[in-house]
Amino acid sequence: MTSEARARRRWRPARGPLVRVMAASAVAGALVTLTACANGVSPEGSRTGTRPATEAKIGLLLPDSVTPRYSTADYPLFKAAVAERCPRCQVLYQNAAGSAAAQQQQAQAMITQDVSVLVLDPFDRQAAAAIVTQARAKGIPVIAYDRLVDSGGLAAYVSFDNEKIGELQARSLVDRMRALGLPDDAGILEINGSPTDNNARLYQQGARNVLKTTGYRVLGSFDTPGWDPIKAQQWASGQIAKVGADEIKGVYAANDDLAAAAISALQSAGVATLPPVTGQDASLAGLQRVIAGEQYMTVYKAFKPEATKAAELALDLAAGKSVSLPTTATTATGQVVPAMLLDTVPVTADDIADTVVKDGVFTVEDLCTAPYAAACERIGLE
């Protein structure tokens, strides 16, 4: 287990309703007027004499546009959390659209625009270290959001227990394969996330912690560049042609989009009875595949507590307050970072009503549209 998993002191979000946020139109570089409620004291090592913290600028840098959560959840939830606390701050938002070079340019622009704090979800964990170095040279604290940066000097890290997510996915897959009575040497395809994403490294590590205790064989493993489902589907199709569809008894897919890619490849190859396929993020499309019986499970991550905590920390740092977090995380290069790691929940068809529907992320009407009405009735989701 990594120190991220060993040292954690879990914080479980309350089961109160999560506000479902519709997709925000986030124009690159958009300047959104928000709130700030702070005392104006500069944090140690930060710039002084620029503006009071009640007028601070917070930079939010997100990594890609292929993952729906960034536009539908993280950005609007972060914006709302800042707005609730403080009326005169500005949030500068950019999405790197899957480009480390673009994220570097976006960060430089925010530094030039005199942001008080950067909240950074890196597209490339190694390349983003330069962003941290440049920000710190200007006295700007950096919060790693959702993904770690391979850098020392981070003010904080807010995410989920990512190694545990991989363990949850693999355990669900193994349990399902055993329930189906599959032989001990049954074959699995492993479709991991982006090799530049620290979280993908941890998901894979957690999954392999479980898979290595079984006799199941990993027929092939793929690290998906940029989490691109098109590339994942192409690889999966090649593996089906190489090993034969009948040999694939399970698919470890790191998120819902990669699960969709694997399912599409299997269906295109004429597979009528799909093997169990894992996922992550509890996206609408992913949950509907779970309802339909195409995807076995997903992982529900409560994005609102994650975005809210990051916003609170950013405002505290802008105000010069010291921050205290319950645990630490360790980067791939060995740096220890103060951390808040949230818990997650595995979701199968039996769990949808008691998780995402109960928390208000999606309604039954959202999930049970006409193509899924019969499947919803079959699993009692009404």
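# A tour of the predicted model

Strands E7 and E9 pair in the parallel sense, over five bridges. Select both to begin; this is a predicted model, with residues numbered from 1 along each chain. To find one rung of this pairing, pick glycine 187, whose bridge partner in E9 is isoleucine 248. E9 itself is mostly covered, with five of its six residues buried.

**The whole chain**

Now zoom out. The protein chain contains 13 helices and 13 strands. Of its 382 residues, 55% are buried. Among contacts with a separation of 6 or more, 76% join residues 24 or more positions apart.

**Helix H7**

Select residues 229-243, which form helix H7. The helix has 15 residues and reaches 21 Å from its first C-alpha to its last, close to the 21 Å expected at 1.5 Å a residue. Which residues of H7 are buried? They are Ala232, Trp235, Ala236, Gln239 and Ile240. Look down the axis of H7: the buried residues fall within an arc of 140°, so they line one face of the helix. On the other side of H7, colour Ile230, Gln234 and Ala241, which are exposed.

What do the buried residues of H7 pack against? Show strand E7 (187-192), strand E8 (217-223), strand E9 (248-253) and helix H8 (256-268), and the packing partners are in view. Strands E7 and E9, the pair that opened the tour, are among them.

Next, go to the two ends of H7. At the N-terminal end, aspartate 228 caps the helix, with a side-chain oxygen 2.9 Å from the backbone nitrogen of isoleucine 230. Just after H7 comes glycine 244, which takes a positive phi of about 95°.

**Strands E2 and E3**

Move to strand E2, residues 57-62. Six of its six residues are buried. In a regular strand, side chains alternate between the two faces of the sheet. Are the faces of E2 covered or uncovered? Both are covered: Lys57, Gly59 and Leu61 are buried on one side, and Ile58, Leu60 and Leu62 are buried on the other.

Add strand E3, residues 90-95. E2 and E3 pair in the parallel sense over six bridges. One place to see the pairing is glycine 59, whose bridge partner in E3 is leucine 92.

**Leucine 118**

Glycine 59 leads to the next stop, since it is one of the residues that leucine 118 touches. Leucine 118 lies in strand E4, residues 117-120. With a relative accessible area of 0%, leucine 118 is buried. Beyond residues up to four places away in sequence, leucine 118 touches Gly59, Leu61, Met110, Ile111, Ile131, Ala135, Ile140, Pro141, Val142 and Ile143. Select isoleucine 143 from that list. Its C-alpha atom is 6.3 Å from that of leucine 118, although the two residues are 25 residues apart along the chain.

**Two loop residues**

Select arginine 125, in the loop between E4 and helix H4 (129-137). Is arginine 125 buried or exposed? At 12% relative accessibility, arginine 125 counts as buried. Leaving aside neighbours within four places in sequence, its contacts are Leu148, Val149, Asp150, Pro195, Thr196, Asp197, Asn198, Arg201 and Ala332.

Then select threonine 348, in the loop between strand E13 (345-347) and helix H11 (353-357). Threonine 348 is buried too, with a relative accessible area of 16%. Apart from neighbours within four places in sequence, threonine 348 is in contact with Val290, Tyr296 and Met297.

**The cysteines**

The last stop is a set of cysteines. How many disulfides does the structure hold? It holds one. Select cysteine 368 and cysteine 376, which form a disulfide with their sulfur atoms 2.0 Å apart. Both cysteine 368 and cysteine 376 are buried. The torsion about their S-S bond is about -95°, so the disulfide is left-handed.

By contrast, cysteine 89 is in no disulfide. The nearest cysteine sulfur to that of cysteine 89 belongs to cysteine 86, 5.5 Å away, while a disulfide needs the sulfur atoms within 2.5 Å. Cysteine 89 counts as buried at 0% relative accessibility, and cysteine 86 is buried with a relative accessible area of 0%.

Methods
This is a predicted model: local features need pLDDT of at least 70, side-chain atom pairs count only at pLDDT 80 or more; totals for chains, interfaces and linings use all residues. Side-chain values use heavy atoms; hydrogens and water are left out. Buried means under 20% relative accessible area, exposed over 50%, partly exposed in between (1.4 Å probe, protein chains only). Helices (H or I, at least four residues) and strands (E, at least two) are DSSP runs, numbered from the N terminus. Contact means heavy atoms within 4.5 Å. The expected span of a helix is 1.5 Å times one less than its number of residues. The arc is that of the directions from the helix axis to the C-beta atoms. A polar contact is a pair of N or O atoms within 3.5 Å; within protein, one must be able to donate a hydrogen and the other to accept it, and residues adjacent in sequence count only if both atoms are side-chain atoms. Two strands pair if DSSP finds at least two bridges between them.
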